[in-house]
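Please look through the structure below with these notes beside you. They are written as separate points, so that each can be checked against the picture in turn.

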Amino acid sequence: MGQQPDGPDEQHRRPPAVSDATVAALGKLSEALECVERARGHLYSLHQLIGHADLMLDDAVEQFRAAGHPHLADRIDTELLGRNVIAGRWTFQIVEDFDDGYHALFRELDQQARDELVGGRRHLYEAEMKERRRSRGRPGHEARPASGG
């Protein structure tokens, strides 16, 4: 029965001759991308919430008509229901533009930087931080999952 290796796996080890400054810069780029990914999630939330609200307007229009307020029902039906949220765009178009433009370029540049500088490795900054912060030999502080079987 062999002993579990201590330390990060190969994909989370810094290649030879890669500087601290390079690892730090890649870490900052990764952190920025993670922030953009969170913003993207909020954009999708906006997309779904606005879509749901627009569908709920059908019931509001019907209820205003039934309550004897056809002028409000007509205005909501013709001016608000199905309206663009930004000039010329529904939220699906905003999401598509974001995904195909800013988000795609951000991911491309993150991948290029990692490919050119560290052979595509991800999260080197965090992997090194884990090594500095974990208590070797303590349960729950293993460098990596135990190998199976």
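1. Arg 122 is a good place to begin, bearing in mind that this is a predicted model. Arg 122 counts as exposed because its relative accessible area is 53%, and exposed is the word used for values over 50%. The residue is located in the loop between α3 and α4.

2. What does Arg 122 touch, once residues up to four places away in sequence are left out? Its contacts are Gln 11, His 12 and Arg 114. In addition, Arg 122 and Asp 110 have twelve residues of separation along the sequence, while their C-alpha atoms are 9.8 Å apart in space.

3. Asp 110 and Arg 114 deserve to be read together, since a salt bridge joins them, with 3.1 Å between the closest N and O atoms. Both residues belong to helix α3, where they are four residues apart, or about one turn of the helix. Are these two partners buried or exposed? Asp 110 has a relative accessibility of 6% and therefore counts as buried, and Arg 114, with a relative accessible area of 11%, is buried as well; the limit for this word is under 20%.

4. Helix α3 itself covers residues 91–118, and its length can be checked by a simple calculation. At 1.5 Å a residue, its 28 residues should span 40 Å, and the C-alpha atoms at its ends are 37 Å apart, which agrees. The helix nevertheless has a kink of about 40°, and this kink is centred on His 103. After the helix comes Gly 119, which has a positive phi, near 65°.

5. Which parts of the structure do the buried residues of α3 pack against? They pack against α1 (20–66) and α4 (124–133). The buried residues include Ile 94, Val 95, Phe 98 and Phe 106, and His 103, named above for the kink, is also among them.

6. A second helical salt bridge can be compared by eye with the one in point 3. The side chains of Glu 79 and Arg 75 meet at 2.9 Å, N to O, and because they are four residues apart in helix α2 (residues 70–80), about one helical turn separates them. Here Glu 79 is partly exposed, with a relative accessible area of 41%, whereas Arg 75, at 53% relative accessibility, counts as exposed.

7. Across the whole structure, a search finds 16 salt bridges. One of them is formed by Asp 6 and Arg 134, whose closest N and O atoms are 2.5 Å apart. This pair links distant parts of the chain, for Asp 6 is in the segment before α1 and Arg 134 is in the segment after α4, 128 residues apart. The two ends of the bridge should be described separately: Asp 6 is partly exposed, with a relative accessible area of 49%, while Arg 134 counts as buried, at 9% relative accessibility.

8. The last point concerns the surface, where Leu 46, Ile 50, Val 85 and Ile 86 make a nonpolar patch of about 300 Å². Leu 46 is part of helix α1. With 41% relative accessibility, Leu 46 counts as partly exposed, so the word "exposed" alone should not be used for this residue, as that word is kept for values over 50%.

Terms used
Residues numbered from 1 in each chain as written. Predicted model: local features only at pLDDT ≥ 70, side-chain atom pairs only at ≥ 80, totals over all residues. Heavy atoms only, no water. Helix = DSSP H or I, 4+ residues; strand = E, 2+ residues; numbered from the N terminus. Expected span 1.5 Å × (residues − 1). Bend = angle between axes of the 7 residues up to and from the residue. Buried < 20%, exposed > 50% of the residue type's maximum accessible area, 1.4 Å probe, protein only. Contact = heavy atoms within 4.5 Å. Patch = residues over 30% accessible without salt bridge, like charges linked within 9 Å, V, L, I, M, F, W, Y side chains within 5 Å. Areas by Shrake-Rupley, 256 points an atom, 1.4 Å probe, with all protein chains shown as cover. Salt bridge = Lys/Arg side-chain N within 4 Å of Asp/Glu carboxyl O.
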